[in-house]
Amino acid sequence: MPPSDRRIWDHPILVFERGKKVRFFFEGVEVEAYEGESVAAALYAIGIDVFSYSAKLGRPRGPFCMIGKCSSCFMIVDGVPNTRTCVELVRDGMRVERQRGLAPIPSTTPPEGAEEEVLEADVLVIGGGPAGLSAALEAASYGLDVVLVDEHFRLGGQLVKQTHKFFGSKELFGGLRGFQIAEVMSEKLSKMSNVRVLLRSVAYGVFRGGWVGIASRNKLYRVRPRAVVVASGASEQYLAFPGNDLPGVMGAGGAQTLMNEFGVRPGEKALVVGSGNVGLIVSYQLLQAGVKVVAILEIMPSIGGWFVHAAKVRRYGVPIMTSHTISAAWGSERVEGATIVKVDERFNPIPGSERDVECDLILISVGLAPDARLLAQARAVMRWVPELGGPVPLRTIDLETSVPNMYVAGDASGIEEATSAMIEGRIAALSIVSKLAEGRRGVEAAEKAKKLVDFLWNEYRTSPLLSRARRGKEKATVSHEEMEKLRREFPPAASFG
Amino acid sequence: MKIVIVGAGISGLFTAYSLAKMGVRDVVVLEKRYVGYGSTGRCATGIRASFTSEEHIVLMKESIRLWKEYSEGELGRYGLNFVQGGYVWLARKEETVDTFRKLVALHNSLGVPTRVIDRDELRSLVPPLNTNLVAGAMHDPMAGKSYVFTTLRALMKACRELGVRIATGTEVRKLIARGSRIVAAETSKGEVSGDIFVIAAGAGSRELLKTVGIEIPTKNIPRHILTTEPYQRAFEPLVIDWDTPGVPYIVQIIEGNFFIGRDIEEEPEQSIYSQRIDFMPKALKPIAELFPFIKAVRVLRYWIGYYVATPDNHPIYGPVNNFDNLFIATGFSGHGYMMGPVTGKIIAEWILEGRPSIPQAEKLTLDRFERGALVRELAVIG
């Protein structure tokens, strides 16, 4: 067992309050962790880099996304293979083993099959990040019965790893750090008796007759809600280069989860690929966590992110190398270095410009892809919008898709940022309330939705910093008449309400 | 001679392959969406000859021979893989074992080497099976499986190398007839003319043939299936839970995933994009009784494909009475994938030599429904 401990004990702005000690077995050896840590974070903290060996070629693999979206951290947990250790809490006495090749047949099975329960709900909210939490709070505040589903073991989505202070008014949580916003909203939600939260649960499909299936640990729920808000967020884009699957090649967001949520240093010397805001912010956070940043690479001729974030890392002497990209990562069981290369104006590598850099961490920060799979499965009409990161559902201005009463909000509707996600969540919920609530309250919700739509489009998104996202969202938004036409031409697989 | 094939599923591609192998230079395959989009890409990958009609048995035995031959030749080098892992039918009731004995006698008389096996042999064939629930079983060692997507890719590669053109994203909207000849296919990308037309358009065949006044008695029946994540090899045979209504089955495909299906009551023509929430528990419960580890595996996907079913559950093959240059290969009633190689062979022979080398195929032409000469099942069971 490596003696190293990558946990951060001193941090300039974060305090990690660790729970009581938990002991579990890794490859038969007893190891220590702290309550509230994921298995992946706990193993990473004690210096474990290789979590599995790949199915066909037996290549070493380590965690990549840290939020349950990829399959890089699969291990055998208590006899069950293919367990996503990044969303599995440590427990006393659990047995964790590396997976080698294809998963073995599970050696332990639950004695009983999954229990089934039918849930009643007015609104089903899928995803407990900024958009989903906002939607659930808004809908519940009007007395609607809400079920909120999230894959993770805690609410907040990616807010929990955002350590910067938000801009804007108090209503928009200006002045608070992301993880604090998550705490405030989760706290508020927990006091509402008409909200049921299902954690570690996946909304796995939309079915004939307007049923939605939810799979929880040993329990299957089915629900036929009157409306659905899909706020399932995004996943990190990948980059193709030799060695991109080595442990130590990680999503920038994955590294944020490790260091900001769990207080675990993701490496010693980092190379960051991509100079968008995520790349710049994560570089600054790496410095705060005591990690050296050898360089930030940017394939474009200019820096992608905001000036304020670029200036911050430059002050620490981190070079931002424009017209550069990574051409290979090398190392045996973990990244030991990378080859970087200059590119010409058509982004082709310039021969002879290759250079080797030593690093043990390569963070990929080349954008996010909306996770709108559930909407696609329900046959919502989708459109490929490059400004939004990929395929997104077409929607009306109040965020209803071509599946009647199925709404979209947050990054699932197209990559933007957390504040607009919160506003979108509220608009979707208010639009639902305006249909479902009777009398004055319905009218009130409609007015409030209108005001928020007006604020979002005519104030908030007029910032030049959001112009790209705004362009994308304009492309994805259609009039109510157009939506009716789309519904006739492409009938959905199900409808709600 | 230009041959136009409608449909790039297993039947269309094997027909194109056989034609090209027999020397036809000008073959074009028109596909509405992408290769394998229809019933082929949605099938359970099983292959067997243990049927109850002479037509099926004779054709399928030849198909299995071809699957083997192809997997050892050029198509095999391109990735076509055939594993002769067998089929196993489980009896939960004693009396079902008697039914199996009768079936075995029939199969054996027609050269299909099925056998009734006891629990010990069953355990060695299917180690993770909970044999406590099983009274006996029937084993077909001649049967096997082939992974759909590697097969399709191998066929695409081989076809293209032989000069076959495969036009995906090209929907055939109607056929254009002049007298007793089809002269062109009107597609979403313009007209395609040809000397011979083959309709292998699966669930879309019926509507397409209507455009030249041909009615075929097929119904598109939705069939549901799911897959788990891939696992290490646990067992080879496709296992059928014969005594449970809807006849659930499980097969570990060559890639390692478990495909699990069960018949649930469905209206014909129901959309394949209209999944049902009750399917997964219905399919998984009986299978989890037999294979307890299934309770701890994760389902990856669930989808629906059509059985293009005819009144006698046998395909419609060959020429159509009132046309000189039109051939049909459709209505496989759930067996199109396994019949792919023999379908390609006999349709190619029909076109180039005037008749197929397997005489039983001639009993499967469309006019059998008018003549009332439906295929006779030698044993109707269960």
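## Two interfaces, one between chains and one within a chain

Let's start where chain A meets chain B: nine residue pairs are in polar contact between the two chains, with both partners at pLDDT 80 or more. On the chain A side, the strands β6 (80–84), β13 (202–207) and β14 (211–216) each bring at least two residues to the surface that touches chain B. Of these, β6(A) gives the largest share, with four residues. Sort that side of chain A by class and you get 15 nonpolar, six polar and eight charged residues.

Keep in mind that what you are looking at is a predicted model. It scores ipTM 0.91 and pTM 0.93. For chain B, the mean pLDDT is 96, and 99% of the residues reach 70 or more. As a general caution, where pLDDT is low, predicted coordinates should not be read in detail.

Now step back and take in the whole contact between the chains. Chain A puts in 29 residues and chain B puts in 26. Together they bury about 2,300 Å², and carbon and sulfur atoms account for 58% of that. There are also three salt bridges across this interface. One to look for pairs A:E116 with B:K285, whose closest N and O atoms sit 3.2 Å apart.

Next, stay with chain B and look inside it. Chain B splits into domain 1 (2–74 + 148–218 + 311–371) and domain 2 (87–141 + 220–307). The C-alpha centres of these two domains of chain B are 28 Å apart. Where they meet, 23 residues of domain 1 are in contact with 25 residues of domain 2. The area buried between the two domains of chain B is about 1,800 Å², with 58% of it from carbon and sulfur atoms. Three residues stand out on the domain 1 side: B:R42, B:A44 and B:S50 supply 30% of the area that domain 1 buries against domain 2, more than any other three residues.

What about charges and polar pairs here? Between the domains of chain B the count is one salt bridge. B:E269 and B:R206 form a salt bridge as well as a place to zoom in, with their closest N and O atoms 3.0 Å apart. Eleven residue pairs are in polar contact across this domain interface, both at pLDDT 80 or more. On the domain 1 side, β3 (46–47) and α2 (54–72) of chain B each supply at least two of the residues that touch domain 2. The largest share, three residues, comes from α2(B). By class, this side of domain 1 divides into nine nonpolar, eight polar and six charged residues.

Note on methods. Residues are numbered from 1 along each chain as its sequence is written. Chains are lettered from A and ligands numbered from 1 in the order in which they are written. This is a predicted model: local features need pLDDT of at least 70, side-chain atom pairs count only at pLDDT 80 or more; totals for chains, interfaces and linings use all residues. Side-chain values use heavy atoms; hydrogens and water are left out. Contact means heavy atoms within 4.5 Å. Buried area is the accessible area (1.4 Å probe) that two parts lose on being put together, summed over both. A salt bridge is a side-chain nitrogen of Lys or Arg within 4 Å of a carboxyl oxygen of Asp or Glu. A polar contact is a pair of N or O atoms within 3.5 Å; within protein, one must be able to donate a hydrogen and the other to accept it, and residues adjacent in sequence count only if both atoms are side-chain atoms. Ala, Val, Leu, Ile, Met, Phe, Trp, Tyr, Cys and Pro count as nonpolar, Asp, Glu, Lys and Arg as charged, and the others, Gly among them, as polar. pLDDT is the predictor's confidence in each residue, from 0 to 100. Domain bounds come from an automatic or database domain assignment.
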